[in-house]
Amino acid sequence: MIVKIISKNFDIEDSHKLEVAVKHGRYSSLKKLFSMSPDEVTEEVTKSGLRGKGGGGAPTGDKWKLMPKNHPKPAYLVINADESEPGTFKDRQIMEFDPHLLIEGIINSSYAIDAHHAYIYIRGEYVFWAKRVNEAIEEAYKAGYLGEKVGGFDYKLDVTLHRGGGAYICGEKSALLESLEGKRGHPRLKPQQKEPEWFFGGPTVVNNVETIASVPFIISEGFEAYRAYGTECSPGTMLFGMSGHINNPGIYELPFGTSMKQFIEQIGGGVKGGKKLKAVIPGGSSCHVLRADEIDDITLDYESLKQHGSSLGTGGMIIMDEDTFMPEAMKNLFEFYHHESCGQCTPCREGCGWVDKILEKLLKGEGTPKDYETILSACEMLNGKTICVFAPSVAFIADSYLTKFKEEFDSLCKNNVL
């Protein structure tokens, strides 16, 4: 069940160092890459079906094709390494154990979109990982894999790492770009039609770390080799994480379409302490929570999770056992979202705090049946009335907890039933 494409070098000693990385295949895609035209590279990625692994799952090749030809401003590639979603810790594995894979992917992807400067925007708290990636960038420059003649070929590329200030909202791509431009990290209004992102007026592609790290395999081995894994609509593999009440927490690379239940029981080793499974957050904290009795026929791919009323997200699963009190779990999340709202949109700024305060009141035993309706009303206000998807995601979280574990919220209202 476990496969090794992105994670192939993770267990090799000193795999982050250039000498070891090259010995184990890093930068081997460059010869084939530069024998192809940029359009051919984009087409290969398109045919592979590679989807964005930062949460949205958008087709990567289609995103690259939005880049205009012969634009007067330079094109850019921006790597979203602002991994701040609770329950998600896969990108840091790549940056820690195989940063040269990321750099190789950046070279492949930049060439495809005719970009000569790429930026890695990394989470502010990732001090160790920022240092690790910077060291790899310096090694790549010294060895000629970056700079005026990439790998000795007639292609110039510079890579800059930028540390964020620790704001969760900067994981949203337009807020990330605002921050990278030196402005406050506020999401931008979305265009009416599909178009690239824009960085200092230049057309820009923003991709997640794992997405970019998937590209060298596709170029080296061909799109069919990537499609040999996964499902028709969700081809390839993903780094899936498990945390919480699980015996074997960690990151595992699996083909899309793997059974969620088998993943938890066989690879995860089941729930800690021999306890029963109560709930699963399937892909980072902003996904709908699932009850244990809902996961029997769920497979780890975008389509299956959507059919079951949740989402794959970043693949970071949070496991909760039978002793978890769901109102407390929801309160824990809302403290985070209340703190991390950027404050640009009034419904989000006020609504997240409002729900957080009501949950605090309920947990103190001071709640009334009306509080339940108030939270649902606040969720209506949050959903679809803001610039980015932060508020709608929070509304979905609240709705899933309140409806799937209503009896636990009932118990907080003394003798009143919600």
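This report describes the pockets, nonpolar cores, a loop cysteine and the salt bridges of the structure shown above, which is a predicted model.

**Pocket and cavity**

The second largest pocket has a volume of about 410 Å³, and its lining is made up of 21 residues, with Met67, Pro68, Lys69, Ile113 and Asp114 lying nearest its centre. Two or more residues of this lining come from each of helix H3 (38-48), strand S1 (75-81), helix H6 (99-113) and strand S2 (115-122), and H3 gives the most, with 4 residues. Sorted by class, the lining of the second largest pocket holds 10 nonpolar, 5 polar and 6 charged residues.

Besides open pockets, the model encloses empty space, and the count comes to 1 cavity of 30 Å³ or more. The largest cavity has a volume of about 70 Å³, and the residues that line this cavity include Ile169, Pro187, Ser341, Cys342, Gly343, Gln344 and Phe390. Its lining divides into 8 nonpolar and 4 polar residues, with no charged residues, whereas 6 charged residues take part in the lining of the second largest pocket.

**Nonpolar cores**

The largest nonpolar core has 57 residues, and within this core Leu102, Ile106, Ile107 and Ile120 have the most contacts. Helix H6 gives the most to this core, with 8 residues, and H6 is also one of the elements that give two or more residues to the lining of the second largest pocket. If residues up to four places away in sequence are not counted, Ile107 touches Tyr27, Leu30, Leu33, Phe34, Tyr145, Leu146, Val150, Tyr155 and Leu157. Apart from the largest core lies another, of 49 residues, among them Tyr337, Phe390, Val394 and Ala395; Phe390 is in addition one of the residues that line the largest cavity.

**Cys233 in its loop**

Cys233 is found in the loop between helix H10 (223-227) and strand S6 (237-244). Because its relative accessibility is 47%, Cys233 counts as partly exposed. Leaving aside neighbours within four places in sequence, Cys233 is in contact with Arg51 and Glu303. Cys233 and Tyr302 are 69 residues apart in sequence, while their C-alpha atoms are 8.2 Å apart in space.

**Salt bridges**

Side chains of opposite charge can pair when their charged atoms come close. The structure holds 30 salt bridges, and the table sets out three of them with the distance between nitrogen and oxygen.

| Acidic residue | Basic residue | N to O distance |
|---|---|---|
| Asp323 | Lys275 | 2.6 Å |
| Glu178 | Lys183 | 3.4 Å |
| Glu360 | Lys364 | 3.6 Å |

The salt bridge of Asp323 and Lys275 links distant parts of the chain, since Asp323 lies in the loop between strand S10 (316-321) and helix H13 (326-340) and Lys275 in the loop between helix H11 (260-267) and strand S8 (277-281), 48 residues apart. Lys275 counts as partly exposed, because its relative accessibility is 35%.

In the pair of Glu178 and Lys183, Glu178 has a relative accessible area of 15% and is therefore buried, whereas Lys183, at 43% relative accessibility, counts as partly exposed. In the pair of Glu360 and Lys364, Glu360 is partly exposed, with a relative accessible area of 36%, and Lys364, with 56%, is exposed. Beyond these pairs, Lys53, Lys90, Asp91 and Glu210 are linked in a network of salt bridges.

How values were computed
Residues are numbered from 1 along each chain as its sequence is written. This is a predicted model: local features need pLDDT of at least 70, side-chain atom pairs count only at pLDDT 80 or more; totals for chains, interfaces and linings use all residues. Side-chain values use heavy atoms; hydrogens and water are left out. On a 1 Å grid over the protein atoms alone, a cavity is a set of points where a 1.4 Å probe fits but cannot get out, and a pocket is an open set with protein on both sides within 12 Å along at least five of seven lines; lining residues have an atom within 4 Å of a point. Grid points are joined across faces, edges and corners, and a volume is the space filled by probe spheres set on the points. Ala, Val, Leu, Ile, Met, Phe, Trp, Tyr, Cys and Pro count as nonpolar, Asp, Glu, Lys and Arg as charged, and the others, Gly among them, as polar. A nonpolar core is a set of buried Ala, Val, Leu, Ile, Met, Phe, Trp, Tyr and Cys residues joined through side-chain atoms within 4.5 Å. Buried means under 20% relative accessible area, exposed over 50%, partly exposed in between (1.4 Å probe, protein chains only). Contact means heavy atoms within 4.5 Å. A salt bridge is a side-chain nitrogen of Lys or Arg within 4 Å of a carboxyl oxygen of Asp or Glu.
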